[in-house]
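This report goes through the fold, the core and a surface patch of one protein chain. The structure comes before the text.

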Amino acid sequence: TRLINNEDVTYHGTVDEVNTHVFADNKDRELSDILTEFDEYGRKVDAYLQTLSDEQINDSNVLSFTGKHSILRFVIGNTWGHYSDHYDDLKDYVERL
């Protein structure tokens, strides 16, 4: 939703500080709630991206909070491009269940 409303969707700080903040915000939530929200936001981002032209998706000036990045690069870096960074951690976690 914040992406679509051009609101700042980033946490600020080092990668470790951001990860600590995100973890603290979500550690007590039920996994089913997180997965439901994850799927919902994925659909919303996809629907929003479908409304953009190729020029808009590749323009780094369309949304102010993406900095020097295009919307496409911002989305990739915060979705599937980022998930692979945590794949091994998630796999290890699931194997311990």
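The paragraphs below move from the whole chain to its interior and then to its surface.

The model is predicted. Its protein chain holds six helices and zero strands, and along the sequence the pattern reads α-α-α-α-α-α. Of the 97 residues in the protein chain, 14% are buried. The chain exposes about 7,600 Å², with carbon and sulfur atoms supplying 52% of that area. Among contacts with a separation of 6 or more, 40% are between residues 24 or more positions apart.

In the interior, the largest nonpolar core is made of seven residues: Y48, L49, L52, I57, L63, I71 and V75. Two helices, α2 and α4, each supply at least two residues of this core.

The helices with stated residue ranges are listed here.

| Helix | Residues | Noted role |
|---|---|---|
| α2 | 31-50 | supplies at least two residues of the largest nonpolar core |
| α4 | 71-78 | supplies at least two residues of the largest nonpolar core |
| α5 | 80-83 | contains Y83 |

On the surface, F38, W80 and Y83 form a nonpolar patch, and their accessible area together is about 350 Å². Is Y83, a member of this patch, buried, exposed or partly exposed? Y83 counts as partly exposed because its relative accessibility is 36%, and the partly exposed class lies between the buried limit of under 20% and the exposed limit of over 50%. Y83 is located in helix α5.

Methods:
Residues numbered from 1 in each chain as written. Predicted model: local features only at pLDDT ≥ 70, side-chain atom pairs only at ≥ 80, totals over all residues. Heavy atoms only, no water. Patch = residues over 30% accessible without salt bridge, like charges linked within 9 Å, V, L, I, M, F, W, Y side chains within 5 Å. Areas by Shrake-Rupley, 256 points an atom, 1.4 Å probe, with all protein chains shown as cover. Salt bridge = Lys/Arg side-chain N within 4 Å of Asp/Glu carboxyl O. Helix = DSSP H or I, 4+ residues; strand = E, 2+ residues; numbered from the N terminus. Buried < 20%, exposed > 50% of the residue type's maximum accessible area, 1.4 Å probe, protein only. Core = buried A, V, L, I, M, F, W, Y, C linked by side-chain atoms within 4.5 Å. Contact = heavy atoms within 4.5 Å.
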